[in-house]
Amino acid sequence: MDSPAHDDRPLRTVVERIGTVTVVTVAGEIDIATAPDLAEALRGVLEDEPEAVVIDLTAVPFLGSSGLAVLTGFQQRAEPAGVRLVADQYAVLHPLRLTRLDSVFPIFGTRGEAVRAR
């Protein structure tokens with residue numbers, strides 16, 4: 001599912017199911033203009049009651065506070081399904097660590113590791 005573009009900075013999302021895990025791949029900056037697109041993409045993800053949701057942020061060059069708010073809000077709605085993040089860039093890892101969200105979300109370096117995790 002692709003999310004609509006905002007101005008010239010579209011946020012692209014793809015949702016797919018791998019076994020009992022739903023994977024949401026995100027590409028583009030997550031800021032105040034695009035955070036609503038991420039929220040919209042995540043809205044229907046829990047309908048199929050996945051065992052876990054993996055949000056792949058490896059193609060995200062910027063993660064702002066609005067994006068952090070969307071992720072934490074989704075994590076709260078997702079219980080008991082676990083939410084796992086995939087991140088390998090400083091621009092994403094730094095705000096997660098700075099806000100201590102790295103203690104809330106399991107963070108993996110690759111999508112495969114996140115999908116296989118228990």
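With 118 residues, a compact globule would be expected to have a radius of gyration near 13 Å, and because the chain has a value of 13 Å, it agrees with that expectation. The model discussed here is a predicted one, and its C-alpha atoms fill a box of roughly 35 × 30 × 25 Å when the box is taken along the principal axes.

Some overall values for the chain are collected in this table.

| Property of the chain | Value |
|---|---|
| Share of the 118 residues that count as buried | 45% |
| Share of contacts with a separation of 6 or more that join residues 24 or more positions apart | 64% |
| Share of the accessible surface that belongs to carbon and sulfur atoms | 52% |

The accessible surface to which the last share refers comes to about 6200 Å². As for charge, the chain carries 11 positive and 17 negative charges, and the mean positions of these two groups lie 6 Å apart.

Turning to the secondary structure, the chain has four helices and five strands, and, read from the N terminus on, these elements follow one another in the order β-β-α-β-α-β-α-β-α.

The largest nonpolar core has 27 residues, and within it the residues with the most contacts are Val 26, Ile 55 and Leu 57. Two or more residues of this core are given by each of strand 2 (21-27), helix 1 (35-43), strand 3 (52-59), helix 2 (65-78), strand 4 (82-86) and helix 3 (90-98), with helix 2 providing the largest share, namely five residues. A second core, separate from this one, has nine residues, and among them are Ala 52, Val 86, Ala 114 and Val 115.

Val 26 deserves a separate look. If its neighbours within four places in sequence are left aside, Val 26 is in contact with Leu 11, Arg 12, Thr 13, Leu 38, Ile 55, Asp 56, Leu 57, Ala 59 and Val 60, and two residues in this list, Ile 55 and Leu 57, are also named with Val 26 as having the most contacts inside the largest core.

The last residue to consider is Ala 117, which is found in the segment after helix 4 (111-116). Is Ala 117 buried or exposed? Ala 117 counts as buried because its relative accessibility is 16%, and the cut-off for buried is under 20%. When its neighbours within four places in sequence are left aside, Ala 117 is in contact with Arg 84 and Phe 108. Although Ala 117 and Arg 84 are 33 residues apart in sequence, their C-alpha atoms are 8.9 Å apart in space.

Note on methods: Residues are numbered from 1 along each chain as its sequence is written. This is a predicted model: local features need pLDDT of at least 70, side-chain atom pairs count only at pLDDT 80 or more; totals for chains, interfaces and linings use all residues. Side-chain values use heavy atoms; hydrogens and water are left out. A nonpolar core is a set of buried Ala, Val, Leu, Ile, Met, Phe, Trp, Tyr and Cys residues joined through side-chain atoms within 4.5 Å. Buried means under 20% relative accessible area, exposed over 50%, partly exposed in between (1.4 Å probe, protein chains only). Contact means heavy atoms within 4.5 Å. The radius of gyration is taken over C-alpha atoms; the globule rule is 2.2 Å times the number of residues to the power 0.38. Accessible areas come from the Shrake-Rupley method with a 1.4 Å probe; for residues, only the protein chains shown count as cover. Lys and Arg count as positive and Asp and Glu as negative; His and the chain ends are not counted. The place of a charge is taken as NZ of Lys, CZ of Arg, CG of Asp or CD of Glu.
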